[in-house]
Amino acid sequence: MTKQNNMLVPILTLGVFAIINTEMGVIGLLPLAATQFHISISEAGLLVSLFALTVAISGPILPLVFSGINRKQVMLLVLGIFLIGNIVSAFTSNFIVVVIARVIPALFHPIYCSLAFTVAATSVREEDAPKAVSKVMMGVSAGMVLGVPVTSLIAGATSFGIAMLFFALVTALAFMATILFVPSLPVHERSSYGAQLRVLKKSITWLSMAAVICINAAVFGVFSYLAEYLGAITHIPGHTISFVLLIYGVANILGNMIAGKILSKNAIRFVASFPFALGAVYILFFFLGQFTIPMALITLVWGILAGAAGNINQYWITSAAPEAPDLANGLFLTSANIGTTIGTTVCGLLLSGIGTQYFVLGGLLFLVLSLVSIVPRNSIRLRLARL
């Protein structure tokens, strides 16, 4: 492998971080956006919800459309669109323009992320693919968990526009690194659209998607309300909550690294045991959540498992459809976004309906539902392996 190729996975990780940071970092900017554009906080929330909805819709479509184009050219196209979108968002005084400047890049979000997972997996030996993907997944974790507090800190000290320029700066770094260090990556072999779409006829594909939806719902449905829980139930002050969330974020990245190694050795057993491991954490969460020290330790273990969940989800779908990696990664992104939306909604209803302490029951429900898909999916996989 050449020196340029050695740079490939780190650059893909940086690019994924730039894109996920642009998507999730805005969560911490919603109050500022509401003030700057003279709108309600719920209207400002469109910057998040419309982005996620667009990703979910384009996930199974655009990665397939772009699957035959030179990978480097596609990387530069998507990063360039995100860069322009962030710059426009930084300088406009019109909220509708900001929404458009986010929705257009969101269309291309699944293209880059799908490409990043595919290229990382194919840049190494087949048995090392989960490890390579886990490194790219670290960019996802960093963007999702660390992007919010970092961006909030920047915006709090400066302004909404400067925070958007931070997104642009990170994206520009990924763009320049791609130009300088990523070699041309032409697609030599690509299945026809029809051949790739045939994976949708396989039951194992749909079982994998169902499992990903449930696992992501279980993880992010609970995580979305963690700060509220820490304040209302654990009675942790605001600055300490930020520290606990940081613990979760660092643990998330550690979970990516651990999962990549385990998936390379015994993926089926690891995935089958995951709902039980996270379920045990949520049970402890329910009964010990009012105690600060136990809650900090629970959050650490939970963060590791949540980081592993991202790798599990990506592996679970792509291993079900290895003949169509771009489409499979697009289906992963769509399923993950659907799961996040459903999980956040259900756990939010439990929180408002029966109390803050009980929203974690939504996470347990989705973990049970995930087994309904995981068990038959494993049976199919083992049966195919014997043939």
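Is Tyr193 buried, exposed or partly exposed, and what is its relative accessible area? Tyr193 is partly exposed, at 38% (buried means under 20% relative accessible area, exposed over 50%, partly exposed in between, with a 1.4 Å probe and protein chains only). The close-ups below come from a predicted model, where local features need pLDDT of at least 70, side-chain atom pairs count only at pLDDT 80 or more, and totals for chains, interfaces and linings use all residues. Residues are numbered from 1 along each chain as its sequence is written, and side-chain values use heavy atoms, with hydrogens and water left out.

**View 1. A nonpolar patch on the surface, with Tyr193 in it.** Tyr193 sits in helix H11 (helices are DSSP runs of H or I with at least four residues, numbered from the N terminus). Its partners in the patch are Leu53, Ile57, Ile61, Val65 and Leu197, and together the six have about 540 Å² of accessible area (Shrake-Rupley method, 1.4 Å probe, only the protein chains shown counting as cover for residues). At least two patch residues come from each of helix H5 (46-58) and helix H11 (193-197). Patch members have over 30% relative accessible area and no salt bridge; nonpolar side chains (Val, Leu, Ile, Met, Phe, Trp, Tyr) are joined within 5 Å, like charges within 9 Å.

**View 2. Four lysines in a positive surface patch.** Here Lys131, Lys135, Lys261 and Lys265 gather (Lys and Arg count as positive, Asp and Glu as negative, while His and the chain ends are not counted; the place of a charge is NZ of Lys, CZ of Arg, CG of Asp or CD of Glu). Helix H9 (129-157) and helix H14 (238-288) each give two or more residues to this patch. Lys135, from helix H9, is partly exposed at 48%.

**View 3. Arg71 and Asp326 pair up in a salt bridge.** Their closest N and O atoms are 3.1 Å apart (a salt bridge is a side-chain nitrogen of Lys or Arg within 4 Å of a carboxyl oxygen of Asp or Glu). The pair links helix H7 (residues 71-91), home of Arg71, to helix H16, home of Asp326, across 255 residues. Both Arg71 and Asp326 are buried, Asp326 at 6% relative accessibility.

**View 4. A salt bridge between two loops, Glu323 to Lys202.** The closest N and O atoms are 3.2 Å apart. Glu323 lies between helix H15 (292-318) and H16, and Lys202 between H11 and helix H12 (203-223), so the bridge ties together parts 121 residues apart in sequence. Glu323 is partly exposed at 38%, and Lys202 is partly exposed at 27%.
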